Amino acid sequence: MASVPASAGDTGLRAAARGTGTKIGTAVDMSALAADAPYAAAVAREFDTVTPENVMKWAEVEPTQGTYNWGPADDLIKFARKNGQAVRGHTLVWHSQNPSWLTEANFTPAQLKALLRKHIFDEVGHFKGRIWAWDVANEVFNEDGTLRDTIWLRALGPSYIADAFRWAHQADPSALLFLNDYNVDWLGPKSDAYYALIKSLRAQGVPVHGFGLQGHLGIQYGLPGNVLENVRRFDALGVKTAFTEVDIRMIMPADSTKVQAQAEGFGLLLRACLLVRNCVSYTVWGFTDKYSWVPGVFPTEGSATPFDEQLQPKPAYDTLRETFLLAK
Ligand code: XIL
């Protein structure tokens with residue numbers, strides 16, 4: 001392990017991550033990317049991978065049944081190609097952000113199965129060869145480790161998950177296929193459920209290649225001290241892991257103690273990633289407080305990302321950068 005070189009001060013996260021085996025990524029807000037040049041410059045400078053924050057979700061790509069809107073996602077792919085970045089596709093089967101034509105009609109189970117199949121073949125097919133990793137199934141478990149009650153589980157039963165992976169793999173055999181969820185960063189019934197599911201799917205030959213830990217944390221709940229132990233057991237199963245949506249919120253107003261606790265949290269997750277063999281990427285869910293989803297969803301909370309609203313780096317940024325540099 002090398003010490004931090006003195007010349008490292010003038011390089012960003014991308015440069016810091018190079019050679020560690022873990023890519024650094026961010027979710028991208030397509031309106032900000034189009035309208036805010038400093039934002040776009042930072043996406044290109046700081047990150048190896050990009051994830052569309054919304055524009056690949058079913059409600060966005062097929063707002064009217066049979067009429068696709070690939071434009072915004074295609075723009076992200078173009079941006080990524082220009083900047084030598086890999087794309088994480090997000091997401092194919094979910095209970096949320098589905099089009100109303102899908103959720104409000106009374107489709108039969110057979111119709112829903114055909115619609116899901118078509119959705120996956122059409123979307124994965126459209127982006128074939130241009131997506132590094134897909135979050136195939138998102139948030140399928142409840143906190144207690146039982147399967148979440150969704151239109152998919154109700155109509156199709158638990159086999160919808162294996163089907164989704166098989167279809168995605170047929171549509172693009174070169175993409176890495178992930179399960180993805182929140183509150184699975186620590187050991188507990190929910191992450192146990194994923195461990196059991198992945199083990200069983202792999203035993204059946206279902207093409208599941210990775211487990212995504214979203215990493216939406218709040219410092220007021222404490223940090224997940226056993227995250228390394230948790231990631232390690234998935235690593236030992238032979239699947240890749242990734243932190244896919246890291247942000248660490250706090251009750252507002254922020255102060256220097258909270259911001260320091262947040263930096264420790266970003267570092268804790270990144271260290272867990274760097275200490276296992278196959279943690280392939282670490283993605284933040286937006287890199288600047290200027291566009292973070294947090295205040296809109298958790299009204300008293302905010303300041304969840306590594307850059308402030310002026311796009312200035314916070315202590316979390318320095319911790320990420322130094323943690324990468326120490327891993328080389
Ligand atoms: C969020 C986006 O950030 C918001 O802009 C949108 O309004 C709702 O969805 N888990 C996920 C992400 O997998 O897709 C969610 O993204 C955040 C929680």
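# Exercises on a predicted model

The charged end of Lys 23 lies over the ring of Trp 132, at 5.2 Å from the ring centre. The model is a predicted one, and the exercises below treat its side-chain pairs, its overall dimensions and its backbone.

## Exercise 1. Charge over a ring

Determine over which ring the charged end of Lys 190 sits, and at what distance from the ring centre.

Solution. The ring belongs to Tyr 182. The charged end of Lys 190 is 3.7 Å from the centre of that ring. The distance criterion for such an arrangement is within 6 Å of the ring centre. For Lys 23 and Trp 132, the corresponding distance is 5.2 Å.

## Exercise 2. Aromatic pairs around Trp 70

Classify the ring pairs that Trp 70 forms with Tyr 68 and with Phe 127, and describe the burial of the three residues.

Solution.

Step 1. The count of aromatic pairs comes to 17. In the pair of Tyr 68 and Trp 70, the ring centres are 4.6 Å apart and the planes meet at 15°, so the pair is stacked. The cut-off for stacking is planes under 30 degrees apart.

Step 2. Tyr 68 has a relative accessible area of 25% and is therefore partly exposed. Trp 70 is buried, because its relative accessibility is 14%.

Step 3. The pair of Trp 70 and Phe 127 is edge-to-face, with 5.5 Å from centre to centre and 85° between the planes. This pair links distant parts of the chain, its members being 57 residues apart. Trp 70 is in the loop between helix H4 (58–61) and helix H5 (71–82), while Phe 127 is in the loop between helix H7 (109–126) and strand S4 (133–138).

Step 4. Phe 127 has a relative accessible area of 0% and is buried.

A further group of rings is joined into a cluster by ring pairs: Tyr 39, Phe 47, Phe 287, Tyr 291, Phe 307 and Tyr 317.

## Exercise 3. The disulfide

Identify which cysteines are joined by a disulfide, give the handedness of the link, and state whether the two residues are buried or exposed.

Solution.

Step 1. A disulfide is a covalent bond between the sulfur atoms of two cysteines. The count here is 1 disulfide.

Step 2. Cys 273 is joined to Cys 279, with an S to S distance of 2.0 Å. The cut-off for the sulfur atoms is within 2.5 Å.

Step 3. The angle about the S-S bond is -90°, and the link of Cys 273 and Cys 279 is left-handed.

Step 4. Cys 273 has 0% relative accessibility and counts as buried. Cys 279, at 2%, counts as buried.

## Exercise 4. Overall dimensions

Decide how the radius of gyration of the chain relates to the value from the globule rule.

Solution.

Step 1. The chain contains 14 helices and 10 strands. Its radius of gyration is 19 Å, close to the 20 Å that the globule rule gives for 328 residues, so the chain is as compact as a globular protein of that length.

Step 2. Along the principal axes, the C-alpha atoms fill a box of roughly 60 × 40 × 40 Å.

Step 3. Buried residues make up 55% of the 328 residues. Of the contacts with a separation of 6 or more, 78% are between residues 24 or more positions apart.

Step 4. The chain exposes about 13300 Å², of which carbon and sulfur atoms supply 53%.

## Exercise 5. Backbone exceptions

Locate the cis peptide bonds that precede Thr 91 and Pro 253, and describe the phi values of Asn 183 and Ser 303.

Solution.

Step 1. Most residues other than glycine have a negative phi, and most peptide bonds are trans.

Step 2. The peptide bond from His 90 to Thr 91 is cis, with omega near 0°; Thr 91 is in strand S3 (residues 86–93). The bond from Met 252 to Pro 253 is cis, with omega near 0°, and Pro 253 is in the loop between strand S8 (240–251) and helix H12 (256–275).

Step 3. Asn 183 has a positive phi of about 55°. The residue is partly exposed, with a relative accessible area of 21%.

Step 4. Ser 303 has a positive phi near 50° and is placed in the loop between strand S10 (301–302) and helix H14 (315–326). At 12% relative accessibility, Ser 303 is buried.

Notes. Residues numbered from 1 in each chain as written. Predicted model: local features only at pLDDT ≥ 70, side-chain atom pairs only at ≥ 80, totals over all residues. Heavy atoms only, no water. Phe/Tyr/Trp six-rings, centres within 6.5 Å; stacked < 30°, edge-to-face > 60°. Buried < 20%, exposed > 50% of the residue type's maximum accessible area, 1.4 Å probe, protein only. Helix = DSSP H or I, 4+ residues; strand = E, 2+ residues; numbered from the N terminus. Lys NZ or Arg CZ within 6 Å of the ring centre and 35° of its normal. Rg over C-alpha atoms; globule rule 2.2 N^0.38 Å. Contact = heavy atoms within 4.5 Å. Areas by Shrake-Rupley, 256 points an atom, 1.4 Å probe, with all protein chains shown as cover.
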